Amino acid sequence: MRSAVTVSLTASAVLAGGLFAGQAQAATPVPSITAPGGFVMNNGTGTTLYGKAADTRRSTGSTTKIMTAKVVLSQPNLNLDAKVTIQKAYSDYIVAKNASSARLIVGDKVTVRQLLYGLMLPSGCDAAYALADKFGTGTTRDARVKSFIGKMNDEARRLGLRNTHFDSFDGIGSGQNYSTPRDLTKIASSAMKNSTFRTVVKTKSTQQKVTTKSGGYRYMSWTNTNKLLSTYSGAIGVKTGSGPQAKYCLVFAATRGTKTVIGTVLASPSEANRAADVKKLLDYGFAR
């Protein structure tokens, strides 16, 4: 009888050992990405799921505009339907910087909500300038822009981010515009708590009716630069970025079931590499 018990226990141990070994073998391998920096977390719990040079400061390109939108949306008594008159300075800036544009037309009256679409979908630096001018404080445009950038840095400090600094409203800075994969993910996670932000960044394309200088109207059509929205099941945002220093960046988020995975890749060598990196990281995040 004792022998039978021993055999039974031994068999159980072997079966259990085989089960655990199988589970270990089935564990999802940590992905290898070409981007020098990456970070992924569970947006619901804040749990880190992946990190590669997650706290190394890098140029952020137009992912900066996440903070631009966040500062706008955090303004007290914000009226999203308030109209902003497009100034020649905004279009001159686009030309001078050879910057990405929402193709805003001087004299048109565009609502704050529409400017947010122009900011986040086609990555309009003219829309970013208009918002900074509108929501900064001061008697001159330069003073208002400086004030707005100050609000961006204040918000970074409020979030406890020690490796983030902004010197521009759109990512076209003078060398002091930087963040990290971890910090950008935290900025985006905080921004995604706002329903307007969530609605804007998950929009693939939009047509907006704006008022012209003469009192008529025109339609502005904008398409999201974030191709992830069309290529990854459950994608809900957030923002692309690129540039000579930043290379190819993406702050991304996707939801499947009750789980939302959010993260960042910085300085991917190409748009194709960026897309491949993000898919790997999202797949890994959902498997964890």
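## Briefing on the predicted protein chain

The protein chain exposes about 13,600 Å², and carbon and sulfur atoms supply 52% of that area. The model is predicted. It contains ten helices and eleven strands, and its C-alpha trace spans about 100 × 35 × 35 Å along the principal axes.

**Overall make-up**

- The protein chain has 288 residues, of which 49% count as buried.
- Among contacts with a separation of 6 or more, 61% are accounted for by residues 24 or more positions apart.
- There are 38 positive and 15 negative side chains in the protein chain. The centres of these two sets lie 6 Å apart.

**Nonpolar cores**

- In soluble globular proteins, nonpolar side chains tend to be buried together.
- The largest nonpolar core here holds 61 residues. Ile66, Leu115, Met120, Phe197 and Val238 touch the most other members of this core.
- Helix α5 gives the most to this core, with eight residues.
- Apart from this core lies another of 19 residues, including Ile33, Ala35, Phe252 and Leu282.
- With neighbours within four places in sequence left aside, Ile66 is in contact with Met120, Ile187, Ala188, Ala191, Phe197, Val238, Lys239 and Val251.

**Helix α3**

- Helix α3 covers residues 88-97, and Tyr90, Tyr93 and Ile94 are buried in it. Seen down the axis of α3, the buried residues fall within an arc of 100°, so they line one face of the helix.
- An α-helix has 3.6 residues a turn, so residues three or four places apart point the same way.
- Lys88, Val95 and Ala96, on the other side of α3, are exposed.
- The packing partners of the buried residues of α3 are β4 (83-85), α5 (125-135) and α6 (141-158). Helix α5 is also the element that gives the most residues to the largest nonpolar core.
- Asn98, just after α3, takes a positive phi of about 50°.

**Gly234 and strand β9**

- Gly234 is found in the loop between α9 (228-231) and β9 (235-243).
- Gly234 counts as partly exposed because its relative accessibility is 28%, and the range for that class runs between 20% and 50%.
- Leaving aside neighbours within four places in sequence, Gly234 is in contact with Ala253, Ala254 and Thr255. These three residue numbers fall in the range of strand β10, residues 247-256.
- From C-alpha to C-alpha, Gly234 and Asn273 are 20 Å apart in space, and they are 39 residues apart in sequence.
- Gly237 and Val238 are joined by a cis peptide bond with an omega of about 20°. Val238 has its place in strand β9, is among the residues that touch the most other members of the largest nonpolar core, and is in contact with Ile66.

**Positive phi in strands β10 and β11**

- Lys247 is not a glycine, yet its phi is positive, at about 60°. This residue lies in strand β10.
- Lys247 counts as partly exposed, with a relative accessibility of 43%.
- Ala267 also is not a glycine and has a positive phi, of about 65°. Its strand is β11, residues 259-268.
- Ala267 is buried because its relative accessible area is 12%, and buried means under 20%.

Note on methods. Residues are numbered from 1 along each chain as its sequence is written. This is a predicted model: local features need pLDDT of at least 70, side-chain atom pairs count only at pLDDT 80 or more; totals for chains, interfaces and linings use all residues. Side-chain values use heavy atoms; hydrogens and water are left out. Buried means under 20% relative accessible area, exposed over 50%, partly exposed in between (1.4 Å probe, protein chains only). Helices (H or I, at least four residues) and strands (E, at least two) are DSSP runs, numbered from the N terminus. The arc is that of the directions from the helix axis to the C-beta atoms. Contact means heavy atoms within 4.5 Å. Accessible areas come from the Shrake-Rupley method with a 1.4 Å probe; for residues, only the protein chains shown count as cover. Lys and Arg count as positive and Asp and Glu as negative; His and the chain ends are not counted. The place of a charge is taken as NZ of Lys, CZ of Arg, CG of Asp or CD of Glu. A nonpolar core is a set of buried Ala, Val, Leu, Ile, Met, Phe, Trp, Tyr and Cys residues joined through side-chain atoms within 4.5 Å.
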